[in-house]
Structure formats: structure tokens, C-alpha cells
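Please open the structure in your viewer and keep the selection tool at hand. The tour proceeds by short stops, each with something to select and something to find there.

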Amino acid sequence: MNAVLNVPIEPYPDVPKRAFEPGPPGTEITIRGLTKHFAGWPLYENFDLDIPKNRIVSVFGPNGCGKSTLINMIAGLIPIDSGEILFDGKSLKETKIGYVFQNYREALFPWMRTIDNIAYPLRLEGRSKAEVDRRMQELVASFDVKFDLNRFPYELSGGQQQTASIMRALANGPEVLFLDEPFSALDFEMTLFIREKLQEVFMHTGTTMLLVSHDLEEAVYLADQVLLLTKRPTKIAEILAYGEARPRTVETLSDAGFVATKKRSLEVFQREVRR
């Protein structure tokens, strides 16, 4: 009779932990050794990345490479198998973050008025009514809100709901703002409006932003850096800097730097898709 040992099976072999290497000065998010498997297949393995402070970084890559998964792991919405992620040297729990979801219809609480949705992070922090009211007035002025915030989210248009989602994500002054394809369900007019508002917020606050986009023009237009990813197991294909001054306008789209960055991004993307 064969003996059966009651020994727990480790999903992955033990790997000696590397000494943590901090990013260069000016790094907002430091990722070291990030590993994530799905159904036994690697998505990210020993992935390192430094995301600079006070910059907008767009994430772009082939379908299925894990763009949204990456920012969800950084934001703590999806657990990682191993690795370390620090925010300006701090843990996620010590860091204020904001998150704008792709599906705005599921992001807002339908039983709350829109203004209460926006104020929710402030109330979680225990802010006084006066502080909440003052911050609401600032956000309304900043986004030039014309619709009635006392209505429930389901009474608003899609663009109005996504505007409210962004206002909520910014309400408590996050150090990092995550945006997961925030324009994908919006019409073109609303996309242009929210693009400009995000630019204004960034120019006013310098909030570090990490944006996932499936639209290359949009990714380059908003970014200071374009993070181009490979197919899975996902690695960094290339990081492109784009230093056009803000505010960026329709003229930006014909700027030589924009055209060159978009062209190079497309070349890298096509190279990775064909591999």
C-alpha cells in the first residue's frame, strides 16, 4: 500500500526574495517582482516598473495583456501572487487613491443622490459638514456642473454619471488617480469635455494619474509617458516620453512630437501583436 503524505502543495515554487530596490528620485509608484497567474498561466512574472510622480502615464497594449489587471493590482482591487508595490515609499493603506471605473453605471450607488455619491469619500474620512459642503462647491465650480446633483445617478445621462464618478474620485484629494478606460462608454462630445477637465485638474493639482486606454490617440494626447506592454506573459515593450506643454488642444494632434510619438507607439503595438 502506497503511503500518502498530507503535505500542502505550494502553487508556485519558493523564490528567494529580492532586496527591494527603490525607484529613482521623483518616483510615485514602485513595483518590484510583481507576479500574477490566472488558472496556472502567467500574466505577469517578476515585473518591475517605476511610475513617476506628478505625471500622467497611459497604459497601452494588445488585447488580453492585462492593462486593467495591472492598475487593479496596483490599486489593491486584485490580489497579487507575489511582489511589492509602494507609493512614494508607503503602503497602499497609507496612501490616498481615487479610482474611475469604466462602467459608471455600476460605480455609483443607485440609492444615493448624486451629490451624496460624490461626497461619500469625505464622509468616510469623517469630514465635517462644512468641509464637505466647501469641497462640493469647489468640485462643482471646477467641473462647471450644469446638471442637478440632487437627482439619483440613474436619472442622469452616461456622461453626467461619469463626470460624477470622476468628481467622487477626486473629492478627497488623492495622491494617485486610476482611470480604467473612462471614455469607452461615452459619446465623442462628452469624451472631449472630460479629457479637458482631467487636463485642468492635473494642471491645477499635479495629481499622478494612471490611465488605461484602448484608443491610441487618446493615450498619447493625455500622457506624459506612454507605457507600452507586450503580449502575455506581459512585460514592458517600451516607455515613450511625450513632453508637449499643456493645455493640449486640437492643434496638438498635428504637432510633430505628437505625430512621432503616436507613430512609434503604433509600430511597437503592431510588433507585439504579430509576435
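Is arginine 123 buried, partly exposed or exposed? The model to be examined is a predicted one. Select arginine 123 and display its surface: the residue is partly exposed, because its relative accessible area is 46%, a value between the limits of 20% and 50%.

**First stop: the partner of arginine 123**

Keep arginine 123 selected and add aspartate 116. The side chains of these two residues meet in a salt bridge, with 3.3 Å from N to O.

**Second stop: helices H3 and H5**

Next, select residues 114-124, which form helix H3, and residues 158-170, which form helix H5. The axes of H3 and H5 come within 7 Å and cross at roughly 25°. H3 is therefore roughly parallel to H5, since angles under 35 degrees count as such. The crossing in which H3 passes H5 is right-handed.

Now show the side chains at the contact. From H3, select Thr114, Asn117, Ile118 and Pro121; from H5, select Ala164, Met167 and Arg168, which they meet. Of the residues in this contact of H3 with H5, four are nonpolar, two are polar and one is charged.

**Third stop: glutamate 125 and arginine 127**

Move on to glutamate 125 and arginine 127. Their side chains form a salt bridge, at 3.0 Å from N to O. Glutamate 125 is partly exposed, with a relative accessible area of 34%. Arginine 127 is also partly exposed, and its relative accessible area is 29%.

**Fourth stop: aspartate 224 and arginine 248**

Which residue forms a salt bridge with aspartate 224? Select arginine 248: the closest N and O atoms of this pair are 3.8 Å apart. The two residues lie 24 residues apart, and the pair links distant parts of the chain. Aspartate 224 is in the loop between helix H7 (216-222) and strand E8 (225-229). Arginine 248 is in the loop between strand E9 (236-241) and helix H8 (256-274).

Are these two residues buried or exposed? Aspartate 224 is buried, because its relative accessible area of 13% falls under the limit of 20%. Arginine 248 is buried as well, with a relative accessible area of 0%.

**Last stop: a network**

Finally, select Glu238, Lys263, Arg264 and Glu267. Salt bridges with shared partners join these four residues into one network. In total, the structure holds 19 salt bridges.

Key. Residues are numbered from 1 along each chain as its sequence is written. This is a predicted model: local features need pLDDT of at least 70, side-chain atom pairs count only at pLDDT 80 or more; totals for chains, interfaces and linings use all residues. Side-chain values use heavy atoms; hydrogens and water are left out. Axes are lines fitted to C-alpha atoms, for helices over the stretch in contact, and angles run from 0 to 180 degrees between N-to-C directions. Helices (H or I, at least four residues) and strands (E, at least two) are DSSP runs, numbered from the N terminus. Angles under 35 degrees count as roughly parallel, over 145 as roughly antiparallel, 65 to 115 as roughly perpendicular and the rest as oblique. A crossing is left-handed if the near helix is turned anticlockwise from the far one by less than a right angle, and right-handed if clockwise. Contact means heavy atoms within 4.5 Å. Ala, Val, Leu, Ile, Met, Phe, Trp, Tyr, Cys and Pro count as nonpolar, Asp, Glu, Lys and Arg as charged, and the others, Gly among them, as polar. Buried means under 20% relative accessible area, exposed over 50%, partly exposed in between (1.4 Å probe, protein chains only).
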